[in-house]
Amino acid sequence: MKVVHKYPISFVDSEVKMPKGADVLHADTVNGLVFIWAMVNPKHKLTSRYFKLFATGEAIEDYDKKHYHYIKTLLNNGFVFHLYEIIE
């Protein structure tokens, strides 16, 4: 059985514990906070995944598509952020 769960993302590096094999479906802001929604199997063991928001114009150190997976661009109170998953 799979279900969709919602996970908060902070404006600094975010470690998110979600079941292994979770599929990120969507990211958006709700009342000024950033969230991702993922399809998960709640019976699977929890694993850590890492996400980071970058502001437009902010330097992304060591950017390499093998390390940063783009999720979505988000608008929040007049600011634009870009959400990436950090792949280890």
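Visitor: In the hairpin of this model, which residue of S4 is the bridge partner of Thr 29?

Guide: In this predicted model, Thr 29 has Val 34 of S4 as its bridge partner. Strands of a sheet pair through backbone hydrogen bonds, in either a parallel or an antiparallel sense. Here strand S3 (residues 23-30) and strand S4 (residues 33-40) run antiparallel and are joined by 7 bridges.

Visitor: How many residues lie between the strands of that hairpin?

Guide: There are 2 residues between S3 and S4, and Asn 31 takes a positive phi near 55° in this hairpin.

Visitor: What is the strand order of the sheet that contains S3 and S4?

Guide: The order is S1-S4-S3, an open sheet of 3 strands with antiparallel pairing. Its edge strands are S1 (3-9) and S3, each of which pairs on one side only. Neighbouring strands of this sheet are turned by 25° against each other on average, direction ignored. S1 and S4 run antiparallel and are joined by 7 bridges; Val 3 has Val 40 in S4 as its bridge partner.

Visitor: How should one read the open sheet of 4 strands, and what is its order?

Guide: In a regular strand, side chains alternate between the two faces of the sheet. The order in this case is S2-S5-S7-S6, with antiparallel pairing. Strand S2 (14-19) and strand S6 (68-76) are the edge strands, each pairing on one side only. The average turn between neighbouring strands of this sheet is 30°, direction ignored.

Visitor: Which residue in S7 stands opposite Leu 53?

Guide: Leu 83 stands opposite Leu 53. Strand S5 (residues 46-55) and strand S7 (residues 79-86) run antiparallel, and 6 bridges join them.

Methods: Residues numbered from 1 in each chain as written. Predicted model: local features only at pLDDT ≥ 70, side-chain atom pairs only at ≥ 80, totals over all residues. Heavy atoms only, no water. Pairing = 2+ DSSP bridges. Axes fitted to C-alpha atoms, helices over the stretch in contact; angles between N-to-C directions.
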